[in-house]
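Dear colleague,

Please find below the structure that I am handing over to you. My notes on what was found in it follow directly after.

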Amino acid sequence: MPSGQFPTPTRRADAERNRDKILAAARSAFADPGADVSMAEISRRAGVGMATLYRNFPGRRELLEALFADEVDAVCVAAETVDGETPGAVLTAWLHRFFAFSTSKRHIASELLEHTDRSNPLFDNNRARVIAAGRPLLAAAQRAHEVRDDLALEQVLDMVIAIATIHGGTRYLEPILQTALDGLRPRPM
């Protein structure tokens, strides 16, 4: 079980479907950074009653934490499943996935910070999980001499996060990200 998450009791299939519908509706609703998303709106979008929503997520903070943790889970799984022809290509593909996560979670993370603080172990635990998932990818790319060996994964992730915070759409941000990723290549001798 990933750290920062608590065991959940076994759920009935219909209860699990309702939880999944709520998370999908919330993910979609929070994707619009300008939207003011209420719990009632999430309930409506999910097609479940308010009691079902609150049975699954007692409050907004719990819903946001679940969304954030689900996205971190997806990034960690991607570290094991992402394809590439070389270790450097695998790392780059995973960093693109991490970038997509970073840009999409911006609204969820800022909303979550309104309901908790930065000392919440959710942030540190999930960062540690992402680092643990990506570290073997960086090490493999460095052993293959496709990525500079003077960089730690934390530095690379911080660079990607910094680019993700720049305001602008994908067409604006992608060339910036690609330029930064090109800079990971070893310096010519």
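In which helix does Leu-153 lie? Leu-153 belongs to helix H7. Before I say more about this residue, please note that the model is a predicted one.

**The chain as a whole**

The secondary structure consists of 8 helices and 0 strands, and along the sequence the pattern reads α-α-α-α-α-α-α-α. The chain has 189 residues, of which 40% count as buried. Among contacts with a separation of 6 or more, 67% are between residues 24 or more positions apart. The chain exposes about 10600 Å², and 55% of this area is supplied by carbon and sulfur atoms.

**The nonpolar core**

The largest nonpolar core has 52 residues, and within it Trp-94 and Leu-95 touch the most other members. At least two residues of this core come from each of the helices H1 (13–30), H2 (39–46), H4 (60–81), H5 (87–115), H6 (121–143), H7 (153–164) and H8 (170–182). H4 provides the largest share, 10 residues. Leaving out residues up to four places away in sequence, Leu-95 touches Val-156, Leu-157, Val-160, Leu-181 and Leu-184.

To return to Leu-153: is this residue buried or exposed? Leu-153 has a relative accessible area of 2% and is therefore buried, the cut-off for that term being under 20%. Apart from residues up to four places away in sequence, Leu-153 touches Trp-94, Val-130, Ile-131, Gly-134, Arg-135 and Leu-138. Trp-94 in this list is one of the two residues that touch the most other members of the core. Leu-138 is 15 residues from Leu-153 along the chain, and their C-alpha atoms are separated by 6.7 Å.

**H4 and H6**

Two packed helices are described by the angle between their axes and the distance between the axes. For H4 and H6, the angle is about 10 degrees and the axes are 8 Å apart. H4 is therefore roughly parallel to H6, as angles under 35 degrees are classed in that way. On the H4 side, the residues in contact are Glu-65, Phe-68, Ala-69, Val-72, Asp-73, Val-75, Cys-76 and Ala-79. On the H6 side, they are Leu-122, Phe-123, Asn-126, Arg-129, Val-130, Ala-133 and Leu-137. By class, this contact has 11 nonpolar, 1 polar and 3 charged residues.

Asn-126, in helix H6, may interest you in this connection. Asn-126 has a relative accessibility of 3% and so counts as buried. Its contacts, not counting residues up to four places away in sequence, are Phe-68, Val-72 and Pro-121. Both Phe-68 and Val-72 are listed above on the H4 side.

**H1 and H4**

How do H1 and H4 pack, in angle and in distance between their axes? The angle is about 85 degrees, and the axes are 10 Å apart. H1 is therefore roughly perpendicular to H4, a description used for angles of 65 to 115 degrees. From H1, the residues Arg-19, Ile-22, Leu-23, Ala-26, Arg-27 and Phe-30 take part in the contact. They meet Arg-60, Leu-63, Leu-64, Ala-66, Leu-67, Asp-70 and Glu-71 in H4. By class, the contact has 8 nonpolar, no polar and 5 charged residues.

Two residues of H1 deserve a separate word. Ile-22 lies in H1 and, with a relative accessibility of 0%, counts as buried. Leaving out residues up to four places away in sequence, Ile-22 touches Ile-42, Ala-46, Val-48, Thr-52, Leu-53, Asn-56, Phe-57 and Leu-63. Ile-22 and Leu-67 are 45 residues apart in sequence, and 10.0 Å lie between their C-alpha atoms.

Leu-23 also lies in H1 and is buried, with a relative accessible area of 2%. With the same residues up to four places away in sequence not counted, Leu-23 touches Phe-57, Leu-63, Ala-66, Leu-67 and Asp-70. Asp-70 is 47 residues from Leu-23 along the chain, and the C-alpha atoms of the two are separated by 9.0 Å.

**A serine in H2**

Finally, Ser-43 is placed in helix H2 and is buried, with a relative accessible area of 5%. Neighbours within four places in sequence aside, Ser-43 is in contact with Val-48, Gly-49, Met-50 and Leu-53. Val-48 and Leu-53 are also among the residues that Ile-22 touches.

With kind regards

Terms used. Residues numbered from 1 in each chain as written. Predicted model: local features only at pLDDT ≥ 70, side-chain atom pairs only at ≥ 80, totals over all residues. Heavy atoms only, no water. Core = buried A, V, L, I, M, F, W, Y, C linked by side-chain atoms within 4.5 Å. Buried < 20%, exposed > 50% of the residue type's maximum accessible area, 1.4 Å probe, protein only. Helix = DSSP H or I, 4+ residues; strand = E, 2+ residues; numbered from the N terminus. Contact = heavy atoms within 4.5 Å. Areas by Shrake-Rupley, 256 points an atom, 1.4 Å probe, with all protein chains shown as cover. Axes fitted to C-alpha atoms, helices over the stretch in contact; angles between N-to-C directions. Parallel < 35°, antiparallel > 145°, perpendicular 65-115°, else oblique. Nonpolar A, V, L, I, M, F, W, Y, C, P; charged D, E, K, R; others polar.
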